[in-house]
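This report walks through selected local features of one protein model. It starts at a single proline and works outward to helices, loops, cysteines and a pocket.

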Amino acid sequence: MDLFGLLHLDELSHGLANMSMFPFFDMAHYIVSILALREQPGALEVSRVSPLACWFSAMLFCFGGAVLSAVMLAEPVVAPLSNSTAVLLASITWYLVFYCPMDLVYSCAALLPLRLVLSGMKEVTRTWKVLGGVAQAHGKYKDSLLVMIAIGWAKGAGGGLISNFEQLVRGVWKPETNELLKMSYPTKITLIGAVLFALQQTHYLPLRTHHLMLIYTVFTVVNKSRMILTGSTGSPFAVIELAIYKTLFTGHAPCAALTGEVEKACLDRDATNGTASPAGTKEKNTPVPPVKGGRGSLKAKEESEDGDTTNCKKIN
């Protein structure tokens, strides 16, 4: 793009595209992911009771995207763990965050300035993971835009998408926390990135790969830094999401309307019966005063039978 040349950003975008993620950026990703695990309710107690379960949960936090994308592409699930150096680095990080004497590592990593830097570095790795997933799917399914989006999304946000399985490892079962029911900000921004990179790979988006990487990375890093500094957890796309939801997904369903009418009719009928029954019972149980004479007694009996018939009709 000419704009990148005018702003002298072309070299910066090339530098980002050629940057190596190992070991510093990968280390930042492991630290932030394991910090998020430790801050989960009950995770610290599990680390004291069962270190193996805690370690397995930490590996799912660190390599969940690679594991989920391998499952979707019918590749060996243990393939992401074949990189012994990465697993060793993540394991050392896990041990220091959970078991370092006096909690020095956790206390230092949780400081705002350092956490800000580490979170920004993790967002850089998110760009590489999303692009790597899209490119991997593009190599196998060149014409399938949906597959490229799904694999890029899984590789960039797999830790959140398999959070229910990770919770099950720690003995927690909360199906209501499924990311598909209520997506968090990382899951949403990863999905947007997967769509953008998939469109770029299929030439529907007229941008070069390194230019799109720079734009997406700058946006995610700046927005994540803003959220940490302000303590906000809301999505920057909340207004757009609300507008789309109200426009497309709040229509009245015919079945729901029919069900509402039936329920209203039943309530009206119950209310009517509830007011009529006591009156009918009262009239039915009211004794008829005796009348002197046979004709009077017969007339009173007929009036009583007519009253009973009327009350039965009211009740029915």
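Pro113 lies in helix H8, residues 112–140. The model is a predicted one. With a relative accessible area of 57%, Pro113 is exposed, because the cut-off for that class is over 50%. Pro113 also has a partner far along the chain: Leu229 is 116 residues away in sequence, yet the two C-alpha atoms are 9.6 Å apart.

**Pairs across the sequence**

Two further C-alpha pairs can be set beside that one. Leu60 sits in helix H5, which covers residues 51–72. Leu60 is buried, at 8% relative accessible area. Its C-alpha atom is separated by 8.7 Å from that of Gly158, and their positions lie 98 residues apart along the chain. Val105 belongs to helix H7. Val105 is partly exposed, with 28% relative accessibility. Val105 pairs with Tyr95, 10 residues apart along the chain, at a C-alpha separation of 9.8 Å.

| Pair | Separation in sequence | C-alpha separation |
|---|---|---|
| Pro113 and Leu229 | 116 residues | 9.6 Å |
| Leu60 and Gly158 | 98 residues | 8.7 Å |
| Val105 and Tyr95 | 10 residues | 9.8 Å |

**Helix H12**

How does the span of helix H12 compare with 1.5 Å a residue? H12 has 22 residues, 209–230, so a span of 32 Å is expected; the end C-alpha atoms are 32 Å apart, in agreement.

Many positions of H12 are buried. Near the start of the list come His210, His211, Leu212, Met213 and Leu214. Tyr216, Thr217, Thr220, Asn223, Ser225 and Met227 complete it. In general, an α-helix has 3.6 residues a turn, so residues three or four places apart point the same way. Thr217 and Thr220 are both on the buried list.

Thr220 deserves a closer look. The residue lies in H12. Its relative accessible area is 0%, so Thr220 counts as buried. A polar atom of the Thr220 side chain lies 2.9 Å from the backbone oxygen of Thr217. Just after H12, Gly231 takes a positive phi of about 70°.

**Backbone exceptions in the loops**

Most residues other than glycine have a negative phi, and most peptide bonds are trans. Three loop sites depart from that pattern.

The peptide bond that joins Phe22 and Pro23 is cis, with omega at about 5°. Pro23 is placed in the loop between helix H2 (10–17) and helix H3 (24–38).

Asp103 is not a glycine, but has a positive phi of about 55°. The residue is found in the loop between helix H6 (84–99) and helix H7 (104–109). Asp103 is partly exposed, at 22% relative accessible area.

His203 is another residue other than glycine with a positive phi, here near 65°. Its place is in the loop between H11 and H12. His203 is exposed, with a relative accessible area of 73%.

**Cysteines**

How many disulfides are there? The count comes to 0 when a pair of sulfur atoms must lie within 2.5 Å. Cys100 is in no disulfide: the nearest cysteine sulfur belongs to Cys108 and is 8.4 Å away. Cys100 counts as buried because its relative accessibility of 14% is under the 20% cut-off. Cys54 is also buried, with a relative accessible area of 2%.

**The second largest pocket**

The second largest pocket holds about 340 Å³ of space. Which elements give two or more residues to its lining? They are helix H11 (185–201) and helix H13 (238–248). H13 gives the largest share, 5 residues.

The lining includes Lys188, Leu191, Ile192 and Val195. Ala238, Ile240, Glu241, Leu242 and Ile244 line the pocket too. Met183 and Phe237 are also in the lining. By class, 9 lining residues are nonpolar, none is polar and 2 are charged. Lys188 and Glu241 make up the charged class.

Conventions
Residues are numbered from 1 along each chain as its sequence is written. This is a predicted model: local features need pLDDT of at least 70, side-chain atom pairs count only at pLDDT 80 or more; totals for chains, interfaces and linings use all residues. Side-chain values use heavy atoms; hydrogens and water are left out. On a 1 Å grid over the protein atoms alone, a cavity is a set of points where a 1.4 Å probe fits but cannot get out, and a pocket is an open set with protein on both sides within 12 Å along at least five of seven lines; lining residues have an atom within 4 Å of a point. Grid points are joined across faces, edges and corners, and a volume is the space filled by probe spheres set on the points. Helices (H or I, at least four residues) and strands (E, at least two) are DSSP runs, numbered from the N terminus. The expected span of a helix is 1.5 Å times one less than its number of residues. Buried means under 20% relative accessible area, exposed over 50%, partly exposed in between (1.4 Å probe, protein chains only). A polar contact is a pair of N or O atoms within 3.5 Å; within protein, one must be able to donate a hydrogen and the other to accept it, and residues adjacent in sequence count only if both atoms are side-chain atoms.
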